[in-house]
Amino acid sequence: MFIEEVKAVNFRNYQELYLQLHPRLNIFVGENAQGKTNIIEMLYLSAMGKSFRTNKDQELIKFGKNQAYTKVNVKRLSGETLIEVRLDTTQKKKLKVNQIPLTKLGELLGNLNVVIFAPDDLKIVKGGPGERRRFIDNEICQIYPKYYYTLNQYNRILQQRNKLLKESRGRKIDLEIWNQQLAEAGATIITYRKKFIKRMGILAKLMHRKITEEVETLEIQYDSNVPFKEKDEFKEIVDTFLKKIGENSSMEYRRGLTLVGPHRDELVFKVNNIDVKNYGSQGQQRTAALSVKLAELELIKGEVGEYPVLLLDDVMSELDIKRQNYLINNLKNVQTFITTTMISQLNTANTENRRVFYVSQGEVRKCD
Ligand SMILES: Nc1ncnc2c1ncn2[C@@H]1O[C@H](COP(=O)(O)OP(=O)(O)OP(=O)(O)O)[C@@H](O)[C@H]1O
Ligand SMILES: [Mg+2]
């Protein structure tokens, strides 16, 4: 799939933005603070219904304005999809797909698939477990929109259960119904994660071997809080879940907190058998994160039948020439957006396959 056209009004530092995009490679060049990342953010918003930089939609509206509007045209194998977002300082955001208003954010997911790699994504490897869970959840949501509802459902049950545990002040209360609900929603999440991480691991390993020219081997391990076995299916995971709740019951009452479940899952990245989070070099961490992102391209293609759009914000300067070239030359069928402060960093010999835009103070100029 690819984005053909973009329109935005009062989005970040753009009063009005209109772009006709290249189906293959789009490069946005400009000095710092000119609006390059804002474009990536706008595309991400169209795919996910929210920003990757902030949870406050208000921040996306141009200073001094009350509304912002964005529109993207997505060309897919199945036809064309039009995605519109309207942000308002006083109202909830409004989303439309092919002119039809959506009632829930979840309905947007899957209309435009994107994979983003921004400097912050190093957190997938370097950050805390919560970062890794958020990353995994976002990815699964894009492929299986239903997962989003399960996740919300699980979080609601978790909050309720935590509230009851807290209010019980250490005294035992009847939590059986809550335990069952938590275990079932939790086992659904674990089943999704298990399947997803396994496939992602295989693809990321392949990508990682290519980028490192066979020198390093990346392994991604799902270290779930609920100790299921490899062959276990939903039913067995529910049983293991309930058993562990039983074992941790006294501790849960004492602490007034749910201690068992996928909200405590972890993901471990190993390069040549070494935990990269704690022992990897900067370069190894970066390469591991990049491999995961490239794996996602294949993963999404496998599920939805076509490549998602790749958004690379400011990553070129962090990569050596070999890795930059790999990104530009080996992703021939993927529409890619690259932001950079220096065009000379990029090997752009093949001018037919790309469009370069200069970004300056919220104005974008196409360059031939
Ligand atoms: N809501 C807003 N209204 C108006 N301007 C905004 C708003 N939010 C951010 N900006 C402006 O947008 C600019 C930053 O844009 P952006 O993050 O896209 O920069 P960039 O070109 O990616 O820079 P860098 O190379 O440093 O990453 C800043 O000048 C900032 O003041
Ligand atoms: Mg930027």
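**Close-up views of two pockets**

**View 1. The largest pocket of this predicted model has a volume of about 1100 Å³.** Welcome to the first stop on the tour. A total of 40 residues line this pocket, and the ones nearest its centre are Y44, K50, R134, F135 and N138. Those five make good landmarks for finding the centre of the pocket.

**View 2. The largest pocket lies between two domains.** Domain 1 (1–113 + 308–368) contributes residues to its lining, and so does domain 2 (121–305), which is why the pocket is placed between them.

**View 3. Several helices and a strand build the lining of the largest pocket.** At least two lining residues come from each of α1 (36–48), β8 (114–117), α2 (123–126), α3 (129–143), α4 (145–167), α5 (176–211) and α8 (282–304). Helix α3 provides the largest share, with 10 residues. If you are curious about chemistry, the lining comprises 18 nonpolar, nine polar and 13 charged residues.

**View 4. The second largest pocket holds about 300 Å³ of space.** Its lining is made of 16 residues, with K198, I220, Q221, Y222 and E230 closest to the centre. Two elements, α5 and β9 (218–223), each give two or more residues to this lining.

**View 5. Helix α5 gives the most to the lining of the second largest pocket.** Six of the lining residues belong to α5. By type, the lining of the second largest pocket has seven nonpolar, three polar and six charged residues. Helix α5 may look familiar here, as α5 also supplies at least two residues to the lining of the largest pocket.

Methods: Residues are numbered from 1 along each chain as its sequence is written. Chains are lettered from A and ligands numbered from 1 in the order in which they are written. This is a predicted model: local features need pLDDT of at least 70, side-chain atom pairs count only at pLDDT 80 or more; totals for chains, interfaces and linings use all residues. Side-chain values use heavy atoms; hydrogens and water are left out. On a 1 Å grid over the protein atoms alone, a cavity is a set of points where a 1.4 Å probe fits but cannot get out, and a pocket is an open set with protein on both sides within 12 Å along at least five of seven lines; lining residues have an atom within 4 Å of a point. Grid points are joined across faces, edges and corners, and a volume is the space filled by probe spheres set on the points. Helices (H or I, at least four residues) and strands (E, at least two) are DSSP runs, numbered from the N terminus. Ala, Val, Leu, Ile, Met, Phe, Trp, Tyr, Cys and Pro count as nonpolar, Asp, Glu, Lys and Arg as charged, and the others, Gly among them, as polar. Domain bounds come from an automatic or database domain assignment.
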